[in-house]
Amino acid sequence: MADWTNDLSLFTRALGSGVRGAARHLARAVGGSNPYEIVAYRGHGTAHRLYVHGRVLEVEAIAPAAEADSTWRNLLNTMKRLGSDPLPHARVMARQGGVEQEIVADDEGFVGAWIPVSGSLPIDSLWHSVELELIGPLRPRDAGVRTTGLALVPPPGAAYGVISDLDDTVIQSHVTNFLRAARTLLLDNARTRLPFPGVAAFYQALHAGMGEAPNPIYYVSSSPWNLYPLLTEFLDLQGIPMGPLMLRDWDLDRRTIGSDRHQSHKGEIIREIVALHPALPFILIGDSGQQDPEIYKAIVEEFPDRILAVYIRNILRDPGRIAAVTALAAEVREARSTLVLADDTLAAARHAVDHGWIPASALAAIGEEKRADEGATGEKAPAPGVPDEGDATPTIVVEG
């Protein structure tokens, strides 16, 4: 199984560094630069503390995506994102209720910190606001740089949480094929990027659950933070439930980019989320293209009886990989959970219905949206999932 993540990471980071350098030279030539802004990332937390994070950057001035955008415009916008110019060691004041806390950015402009909650959060709200203000260093044009961030706190009545991968699980990224992945990254936008068929309706059903209270959804990906605006715009356009996105920074050091770093990044974040909510069980969703099955198996073993199920989208036809995931499924069963390997969103949805996690009535909406995403109804442009290369792989369910 080829894993092009290393090469794609190095390629895009190098491209971004080149764009950033060219932009700086151009700014000096015309005698100015763009003002700074705070890009607030969706955070998360508990009733007692919230994780607040974001990045201080020069304004990129990228308009919302349009279906009519040319390939050239998409490429320019991608280069702007990859070449974003941060404010190193920026000082940002975070305010929530009566609490104020200063956060100092790293050398890439990233800010992140846990802040205590002032008083009691409204229990009927999933999201809670945090004000962020740039307090230094300031240029005259940067006065009054503020934004509002959001942090998710699972409500007391949530039945479970969902932790999902993004690339090749929700959004088609083709990370196992370097050329297709590079083309998708560079030349598509939030409106032309394709979901896997039926994903939005399935995630809406998981989010709604059986109706007691909304279930939180967290997205963990090895995509770079530079793509955060594109990914959030894509999720919003597709009607996929909002949730915190935990991405990562890509640098030019090959030692920090490879599959081990991918596995470490995802594993650490998932462990943190699961440990943060000791009374909440979770469903883990990923794909077979990289190390999701291996990462999730380790989580199941580390947190016994906390993982309701592991849903793995099969994006590869390789018999060796299918056999390896099937073997992992047996280990997941021994750890008292279940792994489902399937080509089809509906297979996971049916399993969730059988276990009482989503209502049976949701299957019709998921099936209809799947048909629409595949172009069968004429309502949407086709968004095929696994390529049609012979018979579909049978769904594998190994129950715990």
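These legends walk you through four close-up views of a predicted model.

**View 1. Helices α2 and α3 cross each other.**
Let's start with a pair of helices. Two packed helices are described by the angle between their axes and the distance between the axes. Here, helix α2 covers residues 71–82 and helix α3 covers residues 178–187. Their axes come within 7 Å and cross at roughly 90°, so α2 and α3 are roughly perpendicular to each other. On the α2 side, look for T71, N74, L75, T78 and L82; they meet L185, L186 and L187 of α3. Sorted by character, the residues of this contact are five nonpolar and three polar, with no charged ones.

**View 2. Seven strands form an open sheet.**
Strands of a sheet pair through backbone hydrogen bonds, either parallel or antiparallel. In this sheet the pairing is mixed, and you can trace the strands in the order β4-β3-β6-β7-β1-β2-β5. The edges belong to β4 (99–104) and β5 (110–116), each of which pairs on one side only. On average, neighbouring strands of the sheet are turned by 25° against each other, direction ignored. Now pick out one pair within the sheet: β3 (residues 91–96) and β6 (residues 127–136) run in the antiparallel sense and share five bridges. A good spot to find your bearings is A94, which stands opposite L132 in β6.

**View 3. Lysine K370 sits in helix α10.**
Helix α10 spans residues 362–373, and K370 is part of this helix. Is K370 buried or exposed? Its relative accessible area is 15%, under the 20% limit, so K370 counts as buried. Two acidic side chains are worth finding here. The K370 side chain makes a polar contact with the side chain of E374 at 2.7 Å, and another with the side chain of D344 at 3.5 Å. Leaving aside residues up to four places away in sequence, K370 touches P197, G198, D344 and L346.

**View 4. Strand β10 has buried residues pointing both ways.**
Our last stop is strand β10, made of residues 245–248. L245 and L247 point one way from the strand, while M246 and R248 point the other way. Which of these residues are buried? All of them are, R248 included. Beside β10 you will find its partner β9 (residues 217–224), and the two pair in the parallel sense over three bridges. R248 turns up again in this pairing, as the bridge partner of P224.

Note on methods
Residues are numbered from 1 along each chain as its sequence is written. This is a predicted model: local features need pLDDT of at least 70, side-chain atom pairs count only at pLDDT 80 or more; totals for chains, interfaces and linings use all residues. Side-chain values use heavy atoms; hydrogens and water are left out. Axes are lines fitted to C-alpha atoms, for helices over the stretch in contact, and angles run from 0 to 180 degrees between N-to-C directions. Helices (H or I, at least four residues) and strands (E, at least two) are DSSP runs, numbered from the N terminus. Angles under 35 degrees count as roughly parallel, over 145 as roughly antiparallel, 65 to 115 as roughly perpendicular and the rest as oblique. Contact means heavy atoms within 4.5 Å. Ala, Val, Leu, Ile, Met, Phe, Trp, Tyr, Cys and Pro count as nonpolar, Asp, Glu, Lys and Arg as charged, and the others, Gly among them, as polar. Two strands pair if DSSP finds at least two bridges between them. Buried means under 20% relative accessible area, exposed over 50%, partly exposed in between (1.4 Å probe, protein chains only). A polar contact is a pair of N or O atoms within 3.5 Å; within protein, one must be able to donate a hydrogen and the other to accept it, and residues adjacent in sequence count only if both atoms are side-chain atoms.
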